[in-house]
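This report describes one protein chain, working from single residues to helix, domains and internal spaces. The sequence and the model are shown first.

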Amino acid sequence: MKLFTSVNDVTDVAALVAEALTLKQTPFAHKHLGENKTLCLVFLNPSLRTRISTQKAGQNLGMNVIVLNIDKEGWALELNDGVVMNGTTVEHIREAAAVMGEYSDIIGVRSFPGLKNRDEDYSELIFNKFVEFCKVPIVSLESATRHPLQSLADLVTIEELKTKARPKVVLTWAPHIKPLPQAVPNSFAEWMCKGDVDFVIAQPAGYELSEEFTQGATITHDQDEALKDADFIYVKNWSAYEPYGKVLPGNEDWMLTFDKLKDAPNAKVMHCLPVRRDLELSSEILDSDRSVVIHEAGNRVWAAQAVLKQMLEAL
Ligand code: SN0
């Protein structure tokens, strides 16, 4: 694998999930694979899980790992071509990405969407500039439209915890005070549509995701109906795709509470984290044995390690 930005970069999804679960049992079985190889993780936005789990995954494979919080510690980057750089930006992404490529065997990049210009975000402007200029294999650490390492960890978690061959998985929209990216739900939908699950998306009217990601999903505005007999409930806020990046008024009653689980007695509750307690998801659920969010976050290591292993094998 030379590029990991979406489920479409994976030739065999089930095999990658199985690989992650094998690595969970034997984390150091390939500790020489990454010897003398450098992984550079570049963050243009904050991170907790992605940063630590991917760093750990690289180290488990014997890699040297460098983390650069470029938004805080690097020179201010210019992303546009054809500008006279006589303002606040100091270094063009053309040079910055090319130089990082000189120092690295694999690069990871996190770049959130601006949520202002849909065409710009959905063309993956920033991420694709790294791909173009750094010339080494790249793994997405969440780009404008997708979060594939999260989605792979989610599928690994479902595979690991499921109690029936084809579980019912419900992605349910949650309230928030500010506009968040569609990257996590887009990506989750795209991966679930390739998994062996019955997949339902429940969201208020107006929060439809781009159809590019939801082919094969059942989409409903009726949360109660969707949650019925769910095996896994994935809670996530996202802003509207149309009008782009907006929070629509109302819908506070979409927060998942214990009461809403009454017709889903076996449902396990997932969230990618960070989660705002009692806004997106009730603390009652988070503090109960229904929640698998910590287990899910733990699986981020094995997802990242499976991807890095396949990338190292292809170097
Ligand atoms: C990000 C998102 O894409 O939704 C990262 C999730 C892994 N989440 C946030 O930006 C949360 C910010 C907040 O203020 O709650």
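Lys135 is exposed, because its relative accessible area is 70%, and exposed stands for values over 50%. In this predicted model, Lys135 sits in the loop between α6 and β7. Its phi is positive, near 60 degrees, and Lys135 is not a glycine. Lys135 comes after helix α6 in the chain.

**Helix α6**

Helix α6 covers residues 125-134, and its buried residues are Phe127, Lys129, Phe130, Phe133 and Cys134. Viewed down the axis of α6, these buried residues fall within an arc of 155 degrees, so they line one face of the helix. What do the buried residues of α6 pack against? Their partners are strands β1 (3-4), β2 (38-43), β6 (106-110) and β7 (138-140), together with helix α4 (93-103).

One of the buried residues of α6, Lys129, can be set against a residue elsewhere in the chain, Glu211. The two are 82 residues apart along the chain, and 25 Å separate their C-alpha atoms. Glu211 belongs to the loop between β9 (198-202) and β10 (218-220). With a relative accessible area of 60%, Glu211 is exposed.

**Thr38 and Gly34**

Strand β2, one of the elements that α6 packs against, contains Thr38. Thr38 has 13% relative accessibility and therefore counts as buried, the limit for that class being under 20%. With neighbours within four places in sequence left aside, Thr38 is in contact with Met63, Asn64, Ile66, Tyr103, Ser104, Asp105 and Ile106.

Gly34 is found in the loop between α1 (13-25) and β2. Its relative accessibility is 0%, so Gly34 counts as buried. Leaving aside neighbours within four places in sequence, the contacts of Gly34 are Leu61, Gly62, Met63 and Leu312. Met63 is thus in contact with Gly34 and also with Thr38. Gly34 and Glu313 are 279 residues apart in sequence, yet their C-alpha atoms are 9.1 Å apart in space.

**Cis peptide bonds**

Two cis peptide bonds lead into prolines, as set out below.

| Peptide bond | Omega | Location of the proline |
|---|---|---|
| Glu242 to Pro243 | near 0 degrees | Pro243: loop between β11 (232-236) and β12 (268-270) |
| Leu273 to Pro274 | about 5 degrees | Pro274: loop between β12 and α10 (283-286) |

Leu273, the residue before the cis bond to Pro274, also lies in the loop between β12 and α10. Leu273 is not a glycine, but its phi is positive at about 65 degrees. Is Leu273 buried or exposed? At 13% relative accessibility, Leu273 counts as buried.

**Domains and the largest pocket**

The domain assignment gives domain 1 (3-146 + 300-314) and domain 2 (149-297). Contact between them takes 33 residues from domain 1 and 33 residues from domain 2. Taken over C-alpha atoms, the centres of domain 1 and domain 2 are separated by 25 Å.

Where does the largest pocket lie? Domain 1 and domain 2 both give residues to its lining, so the largest pocket lies between them. Its volume is about 510 Å³. The lining has 24 residues, and the closest to the centre of the pocket are Phe112, Glu142, Leu180, Leu273 and Pro274. Leu273 and Pro274, joined by a cis peptide bond, are therefore both among the residues closest to the centre of the largest pocket, which lies between the domains. By class, the lining of this pocket contains 11 nonpolar, five polar and eight charged residues.

**The cavity**

A search of the whole structure finds one cavity of 30 Å³ or more. The largest cavity holds about 40 Å³ of space. Which residues line the largest cavity? The lining is made of Leu161, Lys162, Thr163, Lys164, Pro167, Asp231, Phe232, Asn266 and Lys268. These lining residues divide into three nonpolar, two polar and four charged.

Methods: Residues numbered from 1 in each chain as written. Predicted model: local features only at pLDDT ≥ 70, side-chain atom pairs only at ≥ 80, totals over all residues. Heavy atoms only, no water. Buried < 20%, exposed > 50% of the residue type's maximum accessible area, 1.4 Å probe, protein only. Helix = DSSP H or I, 4+ residues; strand = E, 2+ residues; numbered from the N terminus. Arc of directions from axis to C-beta. Contact = heavy atoms within 4.5 Å. 1 Å grid on protein atoms, 1.4 Å probe; cavity = no way out; pocket = protein on both sides within 12 Å on 5 of 7 lines; lining within 4 Å. Points joined across faces, edges and corners; volume = space filled by probe spheres on them. Nonpolar A, V, L, I, M, F, W, Y, C, P; charged D, E, K, R; others polar. Domains from an automatic or database assignment.
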